[in-house]
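Please explain how the chains of this structure meet one another. A careful walk through one interface, and then through the relation between two copies, would help a new reader most.

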Amino acid sequence: MSQPAQKRSRKAGLPPGTPVYIGERKSETTRLTLLHYNEQRTMEQEIKTVEESNALRDTPGVSWINVTGLHEAERLAQFGKAFGLHPLVLEDILNTDQRPKLEDYGEYLYIVIKMLGNENQTSAITTEQISIILGRNLVISFLESDSGIFNAVKERLLGSRGRICKLGADYLAYALMDTVVDNYFGIFEKLGERIETLQDGLVSRPTPASLQALHALKREMLFLRKSVWPLREVVSGLQRGDSPLVQKETWLYLRDVYDHTIQVIDTIETYRDMLSGMMDIYLSSLSIRLNEVMKVLTIIATIFMPLTFIVGIYGMNFHFMPELGWRWGYPLVLLLMAVIAGGMLVFFRRKKWV
Amino acid sequence: MSQPAQKRSRKAGLPPGTPVYIGERKSETTRLTLLHYNEQRTMEQEIKTVEESNALRDTPGVSWINVTGLHEAERLAQFGKAFGLHPLVLEDILNTDQRPKLEDYGEYLYIVIKMLGNENQTSAITTEQISIILGRNLVISFLESDSGIFNAVKERLLGSRGRICKLGADYLAYALMDTVVDNYFGIFEKLGERIETLQDGLVSRPTPASLQALHALKREMLFLRKSVWPLREVVSGLQRGDSPLVQKETWLYLRDVYDHTIQVIDTIETYRDMLSGMMDIYLSSLSIRLNEVMKVLTIIATIFMPLTFIVGIYGMNFHFMPELGWRWGYPLVLLLMAVIAGGMLVFFRRKKWV
Amino acid sequence: MSQPAQKRSRKAGLPPGTPVYIGERKSETTRLTLLHYNEQRTMEQEIKTVEESNALRDTPGVSWINVTGLHEAERLAQFGKAFGLHPLVLEDILNTDQRPKLEDYGEYLYIVIKMLGNENQTSAITTEQISIILGRNLVISFLESDSGIFNAVKERLLGSRGRICKLGADYLAYALMDTVVDNYFGIFEKLGERIETLQDGLVSRPTPASLQALHALKREMLFLRKSVWPLREVVSGLQRGDSPLVQKETWLYLRDVYDHTIQVIDTIETYRDMLSGMMDIYLSSLSIRLNEVMKVLTIIATIFMPLTFIVGIYGMNFHFMPELGWRWGYPLVLLLMAVIAGGMLVFFRRKKWV
Amino acid sequence: MSQPAQKRSRKAGLPPGTPVYIGERKSETTRLTLLHYNEQRTMEQEIKTVEESNALRDTPGVSWINVTGLHEAERLAQFGKAFGLHPLVLEDILNTDQRPKLEDYGEYLYIVIKMLGNENQTSAITTEQISIILGRNLVISFLESDSGIFNAVKERLLGSRGRICKLGADYLAYALMDTVVDNYFGIFEKLGERIETLQDGLVSRPTPASLQALHALKREMLFLRKSVWPLREVVSGLQRGDSPLVQKETWLYLRDVYDHTIQVIDTIETYRDMLSGMMDIYLSSLSIRLNEVMKVLTIIATIFMPLTFIVGIYGMNFHFMPELGWRWGYPLVLLLMAVIAGGMLVFFRRKKWV
Amino acid sequence: MSQPAQKRSRKAGLPPGTPVYIGERKSETTRLTLLHYNEQRTMEQEIKTVEESNALRDTPGVSWINVTGLHEAERLAQFGKAFGLHPLVLEDILNTDQRPKLEDYGEYLYIVIKMLGNENQTSAITTEQISIILGRNLVISFLESDSGIFNAVKERLLGSRGRICKLGADYLAYALMDTVVDNYFGIFEKLGERIETLQDGLVSRPTPASLQALHALKREMLFLRKSVWPLREVVSGLQRGDSPLVQKETWLYLRDVYDHTIQVIDTIETYRDMLSGMMDIYLSSLSIRLNEVMKVLTIIATIFMPLTFIVGIYGMNFHFMPELGWRWGYPLVLLLMAVIAGGMLVFFRRKKWV
């Protein structure tokens with residue numbers, strides 16, 4: 001996940017514009033679904049050939065072609081050509097390590113955004129590239145897998161509910177982007193919980209494993225940041241209204257997506273700051289533990305070394321050591337040592353070591 | 001507080017513009033108060049229905065509708081519709097995790113700012129979203145709770161005192177923002193005291209608890225920064241005078257609020273720098289303590305190890321050890337050891353360890 | 001000094017534009033001195049009432065009114081009103097925690113800069129706010145105390161020496177600002193000496209007290225930075241020549257002040273970098289000391305533990321220990337131990353520990 | 001590699017524009033190859049004299065002269081003069097420590113980019129400067145060595161395949177740059193593997209050698225960053241379309257290279273962040289090890305010091321020590337000591353030290 | 001060197017524009033040398049009085065007046081007045097703590113750059129200010145000392161060699177700047193060697209002295225950065241072509257100087273990064289040493305404490321200790337202890353401590 005340049009080398013040496021899918025095969029088949037709608041009605045249809053997709057072209061209304069699964073590069077290339085997509089656009093749709101971006105090809109806009117997901121078994125965050133082509137009365141969306149993220153939009157269309165059926169293709173593109181960005185909030189919620197858990201663990205028990213977890217999270221944030229940060233420019237680019245394909249009524253909605261993007265970026269930055277702070281906590285926890293260990297050692301040594309010295313004295317074999325003959329010599333020495341040990345403990349208590 | 005993305009997921013899947021209140025219910029009821037004033041007189045009135053609010057529309061003067069409590073989403077939606085507010089505005093009013101922002105909807109400006117507060121029992125800083133709609137002769141303010149922050153403004157209006165009654169709705173909006181920003185200074189004053197207290201504690205006694213407190217403060221600063229920083233752009237946006245709703249006379253006052261905002265931001269940055277410095281102090285305090293502990297250990301070991309060795313020598317059972325038979329052997333050995341211990345102490349004093 | 005928001009809360013709740021002095025009373029009385037000069041002659045006069053200040057208005061030449069002591073808010077408010085100053089300007093003059101700034105009120109420019117000073121007894125740096133009003137043929141300067149910083153300018157005027165008498169009010173304002181900025185160099189010179197002294201101390205003897213001093217200096221730099229940094233924009237704003245009050249001839253001089261300001265800012269940044277470096281030095285000095293202490297402990301322990309073990313062996317009471325009966329047993333053991341101790345010392349010398 | 005200013009001093013004192021090759025001699029000879037192509041056909045030819053290169057000038061089509069080996073400064077100077085290259089351009093072609101840059105000389109554009117390579121024996125990254133002159137229907141490329149990086153382009157031309165033969169000299173220049181940038185991905189892939197390997201090593205076994213390796217990698221990243229970062233401005237400069245030499249059709253392709261460059265820069269920044277994090281891991285691994293060592297020491301000392309003290313007591317020679325005469329004294333003392341040692345171990349197990 | 005504000009206070013209180021030399025006296029005398037050249041011939045002449053310098057004014061060609069030694073402030077003031085230099089320019093020429101800058105006075109451009117040098121005895125880097133006045137057909141250069149840096153330029157002129165004699169005063173000014181910047185490369189080469197040497201020393205033997213050297217280098221870099229960084233803006237200012245004094249032909253050459261400046265700045269930043277990294281290396285070297293010391297201590301203590309305990313046991317004076325009477329008791333105990341010590345060593349070897 002954190003080695004962005006890894007898969008790209010499959011393409012070295014090929015001329016630019018060659019469509020090669022560099023991701024893993026995430027779907028069984030490449031499916032194309034066409035939704036055509038206008039204010040009156042909405043119809044859905046799976047399409048197999050390029051000709052089918054052209055059938056509805058003359059009917060007034062908006063066509064939305066949703067493509068899931070990108071591994072059939074050849075078929076997609078044909079399809080792209082039929083819709084007049086530039087070879088570089090096709091290449092970028094299949095090169096799923098693009099940064100989010102907006103490109104204006106005159107006839108259509110090409111938008112790349114990243115969908116985030118949680119793998120079921122682990123808590124690692126996955127990313128999928130979503131490409132959106134916004135043309136005149138036409139939206140084409142390309143997804144790596146059939147994750148069902150756009151189902152809610154589809155249902156709103158099929159139910160002919162809300163603004164979405166009255167407004168144009170640009171509103172549909174907005175709705176798709178909005179769905180993806182809204183999806184981020186849930187992902188970051190879970191991430192926030194992981195960070196909290198980790199922090200609690202770090203403070204109560206700093207282990208090398210928690211340090212590893214901390215660094216894994218840091219790398220994940222770095223990676224998320226790269227996936228989300230450029231989105232800001234994408235949305236503000238759309239909203240600036242340079243392209244006639246985006247109508248004025250949609251601007252307000254794009255501003256809303258822009259706001260959400262900023263919120264997500266803010267969250268990422270906050271998390272990064274929190275993770276940096278946790279590194280400090282970890283290191284200082286280590287120092288505190290070392291201090292504690294050293295205090296135990298010092299207390300033990302400081303108490304027993306003088307005592308051992310004293311018993312050593314009366315273990316000497318000098319012929320003339322009067323104390324040895326005293327009746328109460330032994331108990332007195334024991335007492336003396338108890339006093340010394342007690343004094344040490346008082347000293348340590350004063351120093352707040354005990 | 002520090003998990004900005006947490007509550008948002010309640011909304012995932014809903015079409016954009018759906019008004020759902022995502023905060024906690026902070027007020028008992030949703031109350032709408034209308035103040036209508038012109039240079040001659042001011043009148044206050046609680047309103048229940050949308051029609052009431054329209055009654056005064058034709059009277060010359062400025063209307064200020066203050067809404068406290070945002071949990072009755074349905075009623076607010078109705079109200080918003082009556083005043084021609086865009087669904088996205090209504091959504092943002094209820095989504096109380098907005099960043100401060102300024103949006104120009106032509107007919108009205110939509111301003112979001114954050115009110116800071118201190119919870120009574122703890123010293124944690126709370127935040128509430130305040131939305132202000134500035135229309136022609138109309139100001140609508142939305143507060144999450146009835147905290148009474150705008151009472152001073154209300155009293156000035158009711159007392160028909162000062163500039164505020166002569167100038168238009170834009171001045172009223174300015175006065176509300178100014179009140180909120182002025183309120184920041186008190187909050188930061190208390191925060192400054194907490195930082196001072198913490199710093200004194202850290203230096204005199206570095207405990208893990210104070211480290212935790214330090215990090216809690218750091219996260220609080222992060223959070224405050226996010227609440228205040230964008231305000232700068234809001235105010236400068238208003239002041240730039242793009243909207244005809246803000247009159248030239250008010251610009252000077254907005255510049256003043258802008259100055260205050262910059263001062264608050266400066267304060268936040270200073271506090272952040274101070275907290276960073278305190279982390280260093282904490283870590284170096286730990287090091288100093290470790291050094292101290294080690295010195296004690298070293299002094300004890302360095303004094304008693306040679307002495308224990310000497311008493312060990314005369315504890316040996318060799319048959320031919322002439323010293324053992326000497327009359328003054330024992331006192332001489334004691335003297336020797338005293339000299340050695342004394343020499344050690346002199347050595348340590350020279351090394352400035354004692 | 002480092003709690004910028006502290007004094008401000010005195011003003012919470014008051015309507016904007018209320019003149020309240022928030023600083024300490026630094027002068028006995030508020031004194032107003034008027035200097036009127038043209039190419040022919042210069043006259044000085046203390047003024048008590050507002051009317052006096054108006055007397056010279058019609059005479060051609062430049063009037064400079066110098067106000068020292070800001071605690072008589074009421075009197076200053078009256079005075080300000082007579083000269084047509086905006087209430088917000090008056091408020092800012094008395095709110096002495098402003099950042100340096102330039103505000104264009106059309107009829108006059110309002111400039112805030114910070115004077116730095118050294119308290120006599122301690123070496124702490126103090127700050128005073130200087131407000132300058134630049135009108136047509138009129139300069140009004142407001143000082144918190146009568147520190148005599150403008151005496152050199154006054155003398156040049158009274159002596160009718162130099163360019164200053166020939167050029168207009170804008171040149172006078174420049175001269176005042178130049179004086180304040182030139183004064184910074186001396187302050188920073190002393191600060192540089194304090195930093196040097198501290199650094200020498202840190203390296204030779206790292207104590208917690210020097211760490212405290214280091215952090216005090218760091219906070220002082222933070223504070224100075226805030227006082228000086230915005231000055232850059234003030235001067236460049238003046239120099240950009242947007243206002244007709246600043247004549248083209250003065251631009252070159254303002255560029256000179258701008259250069260000096262940049263030099264001061266450079267110095268501050270250099271000092272900040274040096275202080276950061278000193279923190280590193282301090283921490284590594286602590287590590288070096290710890291290493292040293294541990295080496296002493298290790299050497300002592302490594303030499304005496306084996307020796308104590310050997311004397312322990314011959315202190316055992318086994319009946320059959322042939323060595324005990326040897327004639328040269330005791331001297332041989334002593335010799336063995338001397339050899340061991342010597343070997344240890346050679347080992348440590350090789351490891352460069354001794 | 002990391003001393004960028006090193007070789008440059010060979011040139012001190014020479015007048016500007018003097019062509020001196022400052023690199024190592026990387027090729028045996030300086031070879032010039034001419035490829036001339038148009039939509040119909042492509043021809044390749046090695047050229048020895050300047051005149052040869054002029055022969056094809058009048059034929060319609062694009063000429064690409066590829067120069068490998070830069071040590072024959074004199075010959076290149078002659079060649080450059082024949083093509084009207086500015087002396088400063090020639091100087092920069094030979095001064096192979098240029099940063100990537102784009103310079104517009106009106107008649108032609110001068111582009112400098114850096115090729116990265118892996119030395120076979122070691123894994124160190126090498127860099128070579130590639131200069132590209134883009135004129136009207138003319139591309140001249142200068143390589144330090146004959147590394148064959150442009151072979152794929154050459155083959156596409158010779159095979160008359162693809163867009164490249166139909167489009168102009170600007171497309172050829174783009175293709176060369178694209179080849180170099182695509183080549184980066186493979187280099188960074190290997191670098192990513194090295195970083196992974198190092199990280200695993202650091203965590204499992206922190207040695208000074210791995211620290212050295214870490215710092216070598218950090219310096220390498222610094223160096224790569226300097227080689228790649230300015231490329232961004234080069235490409236965006238070309239793409240901005242200020243020069244008539246770059247046609248509108250090529251803009252889309254340049255935008256693609258720009259995207260790739262951004263991806264490479266992103267990768268570099270990610271790696272830098274990862275390496276910074278690894279430093280933290282290394283330091284905390286050291287701390288963890290120190291803690292571990294100290295715990296062993298403390299456990300040993302804490303168990304044996306009290307025991308040694310006890311056996312010392314019964315080694316004392318007092319005449320009246322009743323325990324010494326007890327029948328079960330010796331076994332009881334052994335038992336007591338076992339209990340004490342066991343208690344210690346329980347204590348340490350509770351503290352999670354064992 | 002690192003106290004930029006130090007010498008400046010000599011000037012406090014003086015009116016702006018007063019020419020006072022604030023540097024040390026670096027030359028014996030102030031010497032003015034005039035070189036007049038055109039395409040035909042070049043003549044050199046030392047000038048004593050201002051009149052002499054005017055003599056050649058009407059002859060077509062370029063005059064270059066080189067002034068070395070700045071301590072005769074009075075004479076320079078006279079000279080400056082004769083050439084119509086603004087008092088502020090004269091002041092800045094003598095205030096040798098200027099940052100590099102470019103000022104356009106209409107009639108002439110005033111350029112300040114910094115020459116770097118190595119003191120012969122030490123390796124510390126010195127700095128000298130060079131001021132260049134570029135007028136119509138006139139260049140005046142002011143040097144603090146007669147370091148001979150411009151000798152190469154002078155010789156090219158006297159030998160009437162190269163472009164320099166054909167092009168105008170702006171090319172001469174460029175040539176002077178180019179000479180100064182080229183000189184930087186040699187300085188940084190030596191600096192790079194010092195850094196390498198230091199790094200090797202730090203790794204092999206971290207002493208407090210090398211830490212001091214590291215910090216001295218860091219401060220030197222800070223200082224160099226301040227001397228070189230603004231040069232970038234100076235050159236780009238010249239190159240932007242706002243002034244008619246700089247002709248279009250010279251732009252290309254200035255772009256070249258600009259490139260070199262960027263390279264020098266890159267080098268400085270690289271060195272700064274390397275020095276920062278070295279601090280990390282130093283600190284971790286200290287940690288490694290501490291670990292090593294602690295391991296020795298722990299090994300010694302862990303081996304000898306149990307042994308000393310065992311010999312202590314058999315030193316007890318219990319009457320009933322059967323082992324003491326055994327024939328092979330003594331050798332058995334010795335064997336036991338050898339086994340224990342051996343076991344310990346195996347344990348440490350497993351932990352990779354030995």
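A salt bridge here is a side-chain nitrogen of Lys or Arg within 4 Å of a carboxyl oxygen of Asp or Glu, and by that rule 4 salt bridges are found across the interface of chain C and chain E. In one of them Lys101(E) pairs with Asp259(C), their closest N and O atoms lying 2.1 Å apart. This is a predicted model, in which local features need pLDDT of at least 70 and side-chain atom pairs count only at pLDDT 80 or more, while totals for chains, interfaces and linings use all residues. Residues are numbered from 1 along each chain as its sequence is written, chains are lettered from A in the order in which they are written, and side-chain values use heavy atoms, with hydrogens and water left out.

The contact (heavy atoms within 4.5 Å) involves 61 residues of chain C and 65 residues of chain E. Together the two chains bury about 5,500 Å², of which 65% is on carbon and sulfur atoms; buried area is the accessible area, for a 1.4 Å probe, that two parts lose on being put together, summed over both. On the side of chain C, the residues that lose the most area to chain E are Phe309(C), Phe318(C) and Phe320(C), which together make up 12% of what that side buries.

Turning to the copies, chain E is superposed on chain D by a rotation of 72° with 0.0 Å of shift along its axis, at an RMSD of 0.1 Å, the fit being by least squares on the C-alpha atoms of residues with pLDDT of at least 70 in both. That is the relation of a five-fold axis. Within chain E, the residue that comes closest to the rotation axis is Gly315(E), whose C-alpha is at 4.5 Å.
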